[in-house]
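Reader: I am new to this structure and should like to be guided through its interior. May I put some questions in turn?

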Amino acid sequence: MASSRWQPDVLGPDFSALTFDLGNDPDGEGQITATLVRHEQQSAATAAVLYVHGFTDYFFQRPLAEFFAQRGYAFYALDLRKCGRSQRPGQTPHHITDLSMYDAELGLAAAEINAATGSRPLLIAAHSTGGLITALWLDRLRRGLDRLHRGLDRLDRDPTAGNPTGLVLNSPWFDLQGAPILRGAGTTVVNSVARVRPLATIPRKIAGAYGESLHNSVHGEWEYDLNYKPLHGYPVTFGFLSAVRRGHATLHRGLEIGVPSLVLHSDATTLAGPAADGETPHIDTADGVLDTRQIARWTGCLGNRVSAVPVPGARHDVFLSRQGARDTAYTELDNWLLSNDDRIRGALHE
């Protein structure tokens, strides 16, 4: 039975939610919170998983929670500050000027999960921007622990803040898609504007083809809250994109996250808009958000024990793909979990 700290969640009786008070926003938008969502599974868990969403996103993927629950994982998901359930009036959705600020809610979530599960091994799973955020977080955790073990520093985090033992990434945002100039001169401009006008938004035409391919009010099969995940996405602030580009630069220099990782992504990219007749069948069988060649190129920067799997016919979110590609993605995940079981929840927890 859930404690009074946990409240009913919007996904229904199989889920509950816990709000973290994060205090004043370092980016000056008032009091901020984050929301931890828990799947109320019945079977005993031998490990746990924490899922982190991407940009213009929040946790609503019930089948993903059920998949992990059926395999003995206590499932949790985190709606980051200003995202999804954590949005507050007057705040800019997803705006942040330094990705390391997310360490606060990630640490609180991991500590809460550890306390609830008796410090069971913790698998991290994430999508798109969440993949960049969690990879950088795990690298900082490993470097902090290494310094502590060598007696060079104290550990500036709650020592109960998790024992991550694996990482599963679903189409992680590892580089800026588009023309090469955007990654050079364009990024220089973004960083310059971000220093003086972080809340200014990037002038761009936002295509809704991807969102329309997902939501059941248009062409898709999924039901979710369009207030939290609008069809055409949220505007991108210069401050947020600058933070992401600094994160990309850190990743490209090479990380060592210290745990085995799986990277799933589509086998094709389609960044073009709709056809002249308005049809967008290509968006159903390829990544219409990120360049999968960039994902493949930078996956090795996570460190050792990385497995990368292109999923034929998958969308940007491989677990929201059409049935065939979705089944393939779950099969690949299942195989990876089985082959790494000793590392994820066996030997590493002895």
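Reader: Is phenylalanine 68 buried or exposed?

Author: The model is a predicted one. Residues under 20% relative accessible area count as buried. Phenylalanine 68 has a relative accessible area of 1%, so this residue is buried.

Reader: How are the rings of phenylalanine 68 and tyrosine 73 arranged?

Author: Tyrosine 73 is buried, at 1% relative accessibility. The ring centres of phenylalanine 68 and tyrosine 73 are 5.5 Å apart, with the planes at 80°. Planes over 60 degrees apart meet the cut-off, and therefore the pair is edge-to-face.

Reader: Which residues form one aromatic cluster?

Author: Phenylalanine 68 and tyrosine 73 are among its members. The full cluster consists of Phe15, Tyr51, Phe59, Phe67, Phe68, Tyr73, Phe75, Phe319 and Tyr330.

Reader: How many aromatic pairs are there, and what is the arrangement of tryptophan 6 and tyrosine 76?

Author: The count comes to 14 aromatic pairs. In the pair of tryptophan 6 and tyrosine 76, the ring centres are 6.3 Å apart and the planes stand at 55°. That angle lies between the limits of 30 and 60 degrees, so the pair is tilted.

Reader: Which parts of the chain does this pair link?

Author: The two residues are 70 residues apart, and the pair links distant parts of the chain. Tryptophan 6 is buried at 6% relative accessibility, and tyrosine 76 is buried at 4%. Tryptophan 6 belongs to the segment before strand 1 (7–9), and tyrosine 76 to strand 5 (residues 73–79).

Reader: Which residue lies over the face of tryptophan 6?

Author: The distance from this residue to the ring centre is 4.0 Å. A charge counts as over a ring within 6 Å of the centre, given a suitable angle. The residue over tryptophan 6 is arginine 38.

Reader: Which residues touch the most other members of the largest nonpolar core, and which element gives the most to this core?

Author: This core has 57 residues, and Leu36, Leu50 and Leu78 touch the most other members. Leaving aside neighbours within four places in sequence, leucine 36 has contacts that include Trp6, Leu50, Tyr76 and Leu78. With 7 residues, the element that gives the most to the core is helix 3 (residues 129–149).

Reader: What is the volume of the largest cavity?

Author: The structure holds 3 cavities of 30 Å³ or more. The lining of the largest cavity includes His53, Cys83, His94 and Phe240, and helix 3 supplies the largest share of that lining, 3 residues. The volume of this cavity is about 50 Å³.

Conventions:
Residues are numbered from 1 along each chain as its sequence is written. This is a predicted model: local features need pLDDT of at least 70, side-chain atom pairs count only at pLDDT 80 or more; totals for chains, interfaces and linings use all residues. Side-chain values use heavy atoms; hydrogens and water are left out. Rings of Phe, Tyr and Trp (its six-membered ring) pair if their centres lie within 6.5 Å; planes under 30 degrees apart count as stacked, over 60 as edge-to-face and the rest as tilted. Helices (H or I, at least four residues) and strands (E, at least two) are DSSP runs, numbered from the N terminus. Buried means under 20% relative accessible area, exposed over 50%, partly exposed in between (1.4 Å probe, protein chains only). A charge sits over a ring if NZ of Lys or CZ of Arg is within 6 Å of the ring centre and within 35 degrees of the ring normal. A nonpolar core is a set of buried Ala, Val, Leu, Ile, Met, Phe, Trp, Tyr and Cys residues joined through side-chain atoms within 4.5 Å. Contact means heavy atoms within 4.5 Å. On a 1 Å grid over the protein atoms alone, a cavity is a set of points where a 1.4 Å probe fits but cannot get out, and a pocket is an open set with protein on both sides within 12 Å along at least five of seven lines; lining residues have an atom within 4 Å of a point. Grid points are joined across faces, edges and corners, and a volume is the space filled by probe spheres set on the points.
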